[in-house]
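I opened this notebook to keep track of what I looked up, going from the whole chain to a single residue. The structure comes first, and my entries follow.

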Amino acid sequence: MTTEIIRLPGQDLSSEEMILNLGPQHPSTHGVLRVVLRMDGEVITGSEPDIGYLHRGTEKLSENRTYPQMLVISDRWDYLSAMSNNLVWCLAVEKLMQLEVPQRGQTLRIIMVELNRIASHLVFFGTYGIDIGAYTPFLYAFREREKILDLFEEVSGARLTYNYIRIGGVMADLPQDWVGKCRSFLEWIKPRFVEYDILLTENPIFKDRTVGVGILTKEKALSYGVTGPNLRGSGVSFDMRKDEPYSGYDKFQFEVPVGKNGDCWDRYWVRIQEMKESVKIIEQALDHLPEGECNAKVPRLIRPPKGEAYAHLEAPRGMLGIYLISDGTEKPYRVHVRPPSFINLAILQEILVGMKVADVIAILGSIDIVLGEVDR
Amino acid sequence: MILPVFTQSQKRSVGVLVAMGAIGSTIALLIGELNQRIFQVWGFVSEFASKISIPSFMLSFVSMVLQCSVLIGFISVSVMFMVWWERKISAHMQSRLGPMYTGGWHGWAQTIADAIKLLLKEDIIPAAANPWVHRLAPVLAFVPCFLCYAALPFGEGLISADLDIGILYIFALSGLSVLGIVMAGWGSGNKYSLLGGLRAAAQSVSYEIPRVLSVVPIIMFVGSLKLTQIAQAQTGFWHVGGIPVLPRWFIFYPVIGQLAFIIFLIASVAETNRTPFDIAEAESELVAGFHTEYSGMKFSFFFLAEYAYVFLSSGMTTTLFLGGGSGPLFPSWVWFLLKSFAVVFLFLWFRWTFPRLRVDRLMEFTWKFLIPWSFFNILAAGFMGLM
Amino acid sequence: MILYFSNIYNVAKALLQGMGVTFSWLFKPAMTVQYPDEKLKTPERFRGALTFDKESCTACLLCIKACPTACISLEPAVDPTTKKRLAKVSWYQIDFGKCNYCRLCEEACPTKPIKSVRHTHEYEWGMKQRSDMFVKWIREETLK
């Protein structure tokens, strides 16, 4: 990290602004993110996130990939919740092609997406603990996540880039004893949530560092277009799974946790509660898993009719959307991704002003960004 | 409920530990009270020396050199053990195994390998740094700690310098290490390292006050600053109807003992810059710590100093509150080591459970909470002494 | 006043409970695997390195069309006498530097009962040079 002292001429000649560069290589920026902080002593007066270090040009690449091939690329946007990325792409294409996925396929999709939500929030829990200084919850979170990744490995063959949810359904039906393993995982993780609450959520030192820090008001959140747990932490009850249900979510009973103050602790708490709700959803889905086909009849070469479609869903980080323009050929004409982390990152410039340097890490961690999504 | 299944290698490890404990206990019992053995051996040596007419000042010089070497040896070995133990305890708390490979059985030689690696690293002095300040800082961090070990009673009669002002001497020298930290921050040539060093210095200086004040009730009860006398005042038991119920340790004194112990423990954790008070050396904090620009042997000196201070604080806690050396059956040095390492385990346990306090909250905690309570403690001890 | 003391009590209780959680994990067995000595079993659908069966491949080119990174290349065999294309492959090359391990090629392959290009469970593979990443399977004849 380098520092420069820049003397800005102005009314108050004795003020000097220092610039601190929270560089792309730093243990606490989750990925390659550069934030340039302008400080007056201990207090931050402005910040600029500098992104683009992980830009891979996936929207341009999509113009030369067929629709099934794009699934492989979609895995790599928000790499911590690849199932959601796959699902949103399939929803967009199915909307264009007016495809109806059978019940079993929809339920399987929901199970996978919710398991992925738990895995993604576990990563948030672990890394946020490390940012605040507690090293042990990270290991606990990853131990639980290993079990989820083992489940995913059995069903799709990979641990991070699944390519499991396909256009028209899923890649393949569940292997033999998968449901049993999934249930035993759910039984394993329920007491762990109690432990996490004792270890971090109710820890007075943790609360001391996150309560009242980085407050994001309801109005600001709505005006910036923030979605996901960040928005729900500020008191707005908006969850795509309840408000615009997709893929059969309207059949499941679960609650949407909403925070009160919009500070870091609320955003953290919303994510922990969401993990518990996801467990409920998965249990309901496993109990009522319909029999039958899991894939719809899809032509060998997928050529959606000319037109455009926008599909969005509730990814673990917010509202992930795909805007797809098709010109009737087998490759899309234009794809645009609405990444939740990119939009959420914009509030960093607002909520950091007036905070002390020691709080920057806590606030940045609580927004929970993934650079693969920010930069695409 | 998922029951843990213990594998063959885990059963073997437990077996090895039990065997080591058994062998260790028999050796300890056979050696008996270490100071008596040392006196016996030293008696032979001085007889022999007077026979071949070596002047006595030579003898005392040799004795001093031997004591220094034994202390340095003890510090090195105990620091190596503590680093290995910390890695093992933290690993087992986190459902993993820690070092397993170096040296065979559970990686016991890991710290030795790390020390050799650090010795072989390149010595870098940043261009913007003052080279002499940069070089002297680790020395100033470590040497006061080593000097303090001279006044620490390792058991009955096992004290290198039984000063009348034992506690005062140790606290005074611990204060000198602040200078090492500030020099390290300055000598890095990096504005943010300097700020980190100053913050660490402010933390150290602030937490010295409750540390010293919490010990005052103990001194009031004993009436002397001599560490051996404090340890001796804790021998024996309180009897209820003829049956020994509680050992006479200061930690068991109602309210005053527990309060003093807790304040001393928290202040010691903060003095040694360990989590939850480790803003100075935390990697995930924005501001660089005071030892970021150090590598190789100098870094290992800071490392050594931190763990040596941890053991020193544990030793002081044992002597002041836990009876340091008193206990049935085993010789006193075994009890001292057992109790000290139990307190070291507490230090380790704190580090791997709690998140970090923010700087201003840390300062608020000591000035607004610990210091008033330690004053209250002294008041209460005064009242209890009146009764 | 009461609030002050109840605050202290609650803080102390929460901290001690946290310590209890870590202590309880101290004596439970570790959940890691000592890698080079013990290895985990990969599941059936595991997507390891690709392998190719040069005798059963019919050079239909479906795998090339399915691959998102264009890492497969092949040349169909030609009968030397009739100069007609055979349903056999002359050589088949995969550039593992580009392979995504996504299984789209295996799914596209129409060969029955065992696919010509398929994933193995091989995950312990390293290459020292970039040229090692190009793996070529050559059938015996038709080498000009």
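Entry one, the make-up of chain B. I began by asking how many helices and strands there are in chain B, and I found 12 helices and two strands. Reading along the sequence, I noted the pattern α-α-α-α-α-α-α-α-β-β-α-α-α-α, in which eight helices precede the two strands and four follow them. I keep in mind throughout that this is a predicted model.

Entry two, confidence. For the complex, I copied down the predictor's ipTM of 0.86 and its pTM of 0.89. For chain C, I noted an average pLDDT of 87, with 97% of the residues scoring at least 70.

Entry three, the overall dimensions of chain B. I looked up the radius of gyration, which is 22 Å, and this agrees with the value near 21 Å that a compact globule of 387 residues would have. The C-alpha atoms fill a box of roughly 65 × 60 × 55 Å along the principal axes. I also noted that 41% of the 387 residues of chain B count as buried, and that, among contacts between residues at least 6 apart in sequence, 74% join residues at least 24 apart.

Entry four, helix α6 of chain B. This helix covers residues 166-186, and I checked its span: at 1.5 Å a residue its 21 residues should span 30 Å, and the end C-alpha atoms are 32 Å apart, which agrees. Which residues of α6(B) are buried? Among them I listed B:Ile167, B:Ile170, B:Ser174, B:Ser177, B:Val178 and B:Ile181. I recalled that residues three or four places apart in an α-helix point the same way, because there are 3.6 residues a turn. The buried residues of α6(B) pack against α5, α7, α8, α9 and α10 of chain B.

Entry five, B:Glu306. I followed that last partner, α10 of chain B, which covers residues 297-321 and holds B:Glu306. Is B:Glu306 buried or exposed? I count it as buried, because 22 other C-beta atoms lie within 10 Å, and 20 or more are needed for that label. Leaving aside neighbours within four places in sequence, I found B:Glu306 in contact with B:Thr272 and B:Asn273. B:Val79 is 227 residues away from B:Glu306 in sequence, yet their C-alpha atoms are 9.1 Å apart in space.

Entry six, a hairpin in chain A. Here I saw β7(A) and β8(A) form a hairpin with two residues between them, and the two strands pair in the antiparallel sense over nine bridges. Within this pairing, A:Ala311 stands opposite A:Ile322 in β8(A).

Conventions:
Residues numbered from 1 in each chain as written. Chains lettered and ligands numbered in written order. Predicted model: local features only at pLDDT ≥ 70, side-chain atom pairs only at ≥ 80, totals over all residues. Buried ≥ 20, exposed ≤ 12 C-beta atoms within 10 Å, placed from the backbone. Contact = placed C-beta atoms within 7 Å. Rg over C-alpha atoms; globule rule 2.2 N^0.38 Å. Pairing = 2+ DSSP bridges. pLDDT = per-residue confidence, 0-100. Expected span 1.5 Å × (residues − 1).
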